[in-house]
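Me: I would like to learn how to read a structure with more than one chain. Please take me through the main features one at a time.

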Amino acid sequence: MAMIDEPLYPIAILIDELKNEDIQLRLNSIRRLSTIARALGEERTRKELIPFLSENNDDDDEVLLAMAEELGVFVPYIGGVEYAHVLLPPLETLCIVEETCVRDKAVESLCRIGTQMKESDIVEWFIPLVKRLAGGEWFTARVSSCGLFHIAYPSATELFKAELRSMYGQLCQDDMPMVRRSAASNLGKFAATVEANNLKTDIMSIFEDLTRDDQDSVRLLAVEGCAALGKLLEPQDCVAHILPVIVNFSQDKSWRVRYMVANQLYELCEAVGPEPTCSDLVPAYVRLLRDNEAEVRIAAAGKVTKFCRILNPHLAIQHILPCVKELSSDSSQHVRSALASVIMGMAPVLGKDATIEELLPIFLSLLKDEFPDVRLNIISKLDQVNQQVIGIDLLSQSLLPAIVELAEDRHWRVRLAIIEYIPLLASQFGVGFFNDRLGALCMQWLEDKVFSIREAAANNLKRLAEEFGPEWAMQNIVPQLLEKISNPHYLHRMTILQSISLLAPVLGSESTCQKLLPVIITASKDRVPNIKFNVAKVLQSLIPIFDHSVVEQTVRPCLVELSEDPDVDVRYFASQAIQTCDSVMMSS
Amino acid sequence: MKGNGAEGAGPPAESSCPPPLEWKFSQVFGERIAGEEVQEVDIISAIEFDKSGDHLATGDRGGRVVLFERTDVKNYGSRKDMEKQDHSISRHPEFRYKTEFQSHEPEFDYLKSLEIEEKINKIKWCQTANHALFLLSTNDKTIKYWKVEEKKVKKISEMNVDALQAVGNGSISSSSMTSPIGYLPNGGCSERPYGHLSYDLSFPPGGFPSLRLPVVVTSQETSLIARCRRIYSHAHDYHINSISNNSDGETFISADDLRINLWNLEISNQSFNIVDVKPANMEDLTEVITSAEFHPTHCNMLAYSSSKGSIRLIDLRQSALCDNHSKMFEEREAPGSRSFFTEIIASISDIKFARDGRHILSRDYMTLKLWDINMESSPVAIFQVHEYLRPKLCDLYENDSIFDKFDCCLSGDGMHVATGSYSNLFRVFGCIPGCNEATTLEASKNPLRRQVQIPSRPARSLNSLTRGVVRQGAESPGIDMNGNSYDFTTKLLHLAWHPSENSVACAAMNSLYMYYA
């Protein structure tokens, strides 16, 4: 200890703890690696700390992950970009560990450093590293190498470029499916750096190999490559090379590959342009919408609106709409549910007439679906169809029974979901309709037998008050609410108290004092202690919105009375509230 | 006569048959000493070679996994071993104990009020990476992913803070990972000083020369460390009977009585149910899944066997839920042969794909059957294993032995198959049609192996050469002609064939016996 100055003591410990037995302390030290580096100075960081880290790479994954991340932003601590190559060796060893997340982070950090490095340094240090990893003995190294080519390639000489391209080709034919998957998923990034002429020859042949891979898991990653490559190619090349692949993929034997196509088709359409989309991809999409496998139909159905947006309405009505009709009575509830969550968005695309004629019947049938999720999904997207397209009137006939049914569903989660949408519905329907039809429902939920529903109902009242304004709330909510305070069940009385505390800030000070406060004060005389201490809590939360005089004249006496209650909890919450009173009074 | 299987018919074409394998004893681990009581927890419950054949793993009822490594291959043996090998005419795989670890512990499921045994049901090896071994082990409910690696023992010799103290002790080099740093009051106060640091202290451009990095000395000593990397749990309502890795290197399946789930090795908190045979009403249940395995090369194919004696091949490409099989292998029942036991003995206890991926071997109570995946109607070969027990089925039912689940295995070249039996016996059959190679071996260490075999032979071999004897092995009603007593308590359930050599590892109670040919 004599050797270390007193002020350096903490950092000395920090350094020592790089090798502590306790993983938390090691992790902490690694997270503070920049501090250690600054304390050691740039030169010693380069010559001692970095080699030290390279050698001590057999730590736990969490520590290695942290190290990989720290090293990515370490360039300033080793003396700037000209020394950046010093950081490569420790990251190279981290690229070989078997834990995927550590490797990914090391690759990410290497890319970050590589983009800052000078071209000559890339040639001298980075490209050899990529080549070493790509020829690595273990698949883990080769997996990592795939993510580095796009950094190395632009700086390479012609000779090296050819070598890198052929190496990438080999990685795409590696024995290990893990390596081929990594090559497939990084192909787009690498291709973006390759010159146009080589792209058409080398990269496209690599890509075609991947699209014919035996492993489903490789082919499905190649699907993603379609969109990326398509954007790089000239339109005519794209149509010649990518389009047939997409069409093939859309008929692949493996449903997982088709599922990927269904998910990506929208982007693929952008890549190939409008003409081929209409001629080739619409039929492919229609096939996917009618796929045997429900998972594929779910993916396809979920994209139906996006897809229609890039088509002209005429094509959408002619080709897609018939499929949508079929899907609305699909045997899988999940397909119908996926469709219901997007179908409302089709209305603006198709225009008013087509919507009324074609879509409305589908909406209505989905609203009558036996599966609550389907109905909920329609209701949740109501704003997309209202106003600008057809107006709510056309739907209200069917909506109301659907809402009422959901509101009374025997699964509380379904009831909860519909409550969440009530403010949205209210804003769409407008005050008049709401008062007539939905107001009673909102009150009814306050007495639900499930707590979560009562809680959501209270919150719902607040949101309605915000939507329609305090005056409306005073007329339409408050009187009915206050009536219920005499409910014989204390849990229901508690819900009312909760609603009051939520509504009060929206209604404002005056209305609260006049209408709500007397009710709260009365409740403080309740025979159930739970109500009494909730009164204390509510009062505490409302203190800021009351005038001082009200606090002193009404609130405080009530609280004082509660603070002498026989029940310990009541006394506790009352004294808490009194403290709040005091502090508010003091601060003003 | 009761059927002697597919190749019973017609005289064998002796000339075209390769000589039968000459089995010799190789090694035994954990040999039982005469009169020694076997502890329940020590009984081996799973055996598996890795893909290269350089490693072997066993699991036991006590939840332990024991690893063995091959010693006779170049990389492993020392010079002395190499010299020894020069003497021996034919090299055969030899293994040595490598390490062991506690894979599973007994647990209690509080929700279902169920005890979960620690017994290892299956072990599967995964892709080796960076000299570390990876394997999956499972008990009835929980699958675990293990990494076993050799770590060099490292010693920290110099620290900043305890430098003086360490010098004073004069024990620098011997303070390993448990160095005096542990005693420093660093845990509690560590956060605060660091916080101060960045504000109070300005770092000189050259840094503080007095600070040093810990010096780590790597010794030549190594220690094997097994770490559980992932736990895949809470996905099975019934007991897991098999796990199998996919050729894609990223997924595996686990099968219980009614369902098969698909996992990603890297994701332990979700799995996908791909097969579900649970009927809406459990009273309608007529068939359970007994074993499942992925195709060795086609990532989309997997086979599972059932208690009714059928094997279903499913194609994961066809749909997400594979309740509909693409092929079903089932032998038509011989008319009039039905009895109370028909269904029980038809139940398949194990299936294995041959390495070529074209054949599937299945074991039911009485036989081994070899199926060609292109022929669904009947197996291409049937090997009688327990035919001689047919008259005793009643007794076997009484003592529950009829429900014993025997493993089966194929040689790497697919030319031989093996399976276990009672009295610590196991049987090896040749697959070449018309050759009828069949050998009965006892799992024991008798150095004169032949004599062990001989008792099973004399009655039927008086007049013949080895060839004839071996062939008769397939047909004869078993060894009780001389011994007369089957020991149903010493059953040889688990065995495995080396992937590239003619070498079999089999478990007799707590002992692991290895034979080669």
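**The interface and the sheets**

Reply: The area buried between chain A and chain B is about 5,300 Å², with 55% of that area coming from carbon and sulfur atoms. This is a predicted model.

Me: Why start with an area?

Reply: The size of an interface is often given as the accessible area lost when the parts come together. Contacts give a second view: 61 residues of chain A touch 58 residues of chain B.

Me: Which residues of chain A lose the most area to chain B?

Reply: They are A:Asp16, A:Glu98 and A:Trp138, which together make up 12% of what that side buries.

Me: How many salt bridges and how many residue pairs in polar contact are counted between chain A and chain B?

Reply: There are eight salt bridges between the two chains. The polar contacts come to 22 residue pairs, both residues being at pLDDT 80 or more. One salt bridge to look at joins the side chains of A:Asp216 and B:Arg317, at 2.8 Å from N to O.

Me: Which helices of chain A each supply at least two residues of the side that touches chain B?

Reply: Among them are helix H1 (9-16), helix H2 (23-31), helix H3 (33-40) and helix H4 (42-55) of chain A. Further along chain A, helix H9 (139-145), helix H12 (177-193), helix H14 (216-232) and helix H16 (255-272) also do so. H1(A) gives the most, with eight residues.

Me: How does the side of chain A that touches chain B divide by class?

Reply: That side has 27 nonpolar, 10 polar and 24 charged residues.

Me: How many salt bridges does a search of the whole structure find?

Reply: Over all chains the search finds 57. One of the pairs is A:Asp291 with A:Arg258, whose side chains meet at 2.6 Å, N to O. This pair links distant parts of the chain, 33 residues apart. A:Asp291 lies in the loop between helix H17 (274-289) and helix H18 (294-302) of chain A, while A:Arg258 is in helix H16 of chain A.

Me: Now the sheets. In what order do S8, S9, S10 and S11 of chain B stand?

Reply: The order is S8-S9-S10-S11, in an open sheet of four strands with antiparallel pairing. Strand S8 (122-125) and strand S11 (215-232) of chain B each have a single partner strand, so one side of each is left without a neighbour in the sheet. From one strand to the next, the twist averages 30°.

Me: How many bridges join S10 to S11 in chain B?

Reply: Strand S10 (residues 143-158) of chain B is joined to S11(B) by 14 bridges, and the two run antiparallel. As an entry point, find B:Lys154, whose bridge partner in S11(B) is B:Thr218.

Me: Which strands are the edge strands of the sheet S20-S21-S22-S23 in chain B?

Reply: Strand S20 (348-353) and strand S23 (381-384) of chain B are the edge strands, each pairing on one side only. The sheet is open, with four antiparallel strands, and its twist averages 15° from one strand to the next. Four bridges join strand S22 (residues 367-372) of chain B to S23(B), and B:Thr367 has B:Gln384 as its bridge partner in S23(B).

Me: What should I look for in the hairpin of S12(B) and S13(B)?

Reply: Look at the backbone between the strands: there are five residues there, and B:Gly249 takes a positive phi near 75°. Strand S12 (residues 242-245) and strand S13 (residues 251-255) of chain B run antiparallel and are joined by four bridges. In S13(B), B:Ala255 is the bridge partner of B:Ser242.

Methods. Residues numbered from 1 in each chain as written. Chains lettered and ligands numbered in written order. Predicted model: local features only at pLDDT ≥ 70, side-chain atom pairs only at ≥ 80, totals over all residues. Heavy atoms only, no water. Pairing = 2+ DSSP bridges. Axes fitted to C-alpha atoms, helices over the stretch in contact; angles between N-to-C directions. Contact = heavy atoms within 4.5 Å. Buried area = accessible area lost by both parts, 1.4 Å probe. Salt bridge = Lys/Arg side-chain N within 4 Å of Asp/Glu carboxyl O. Polar contact = N/O pair within 3.5 Å; in protein donor to acceptor, adjacent residues only side chain to side chain. Nonpolar A, V, L, I, M, F, W, Y, C, P; charged D, E, K, R; others polar.
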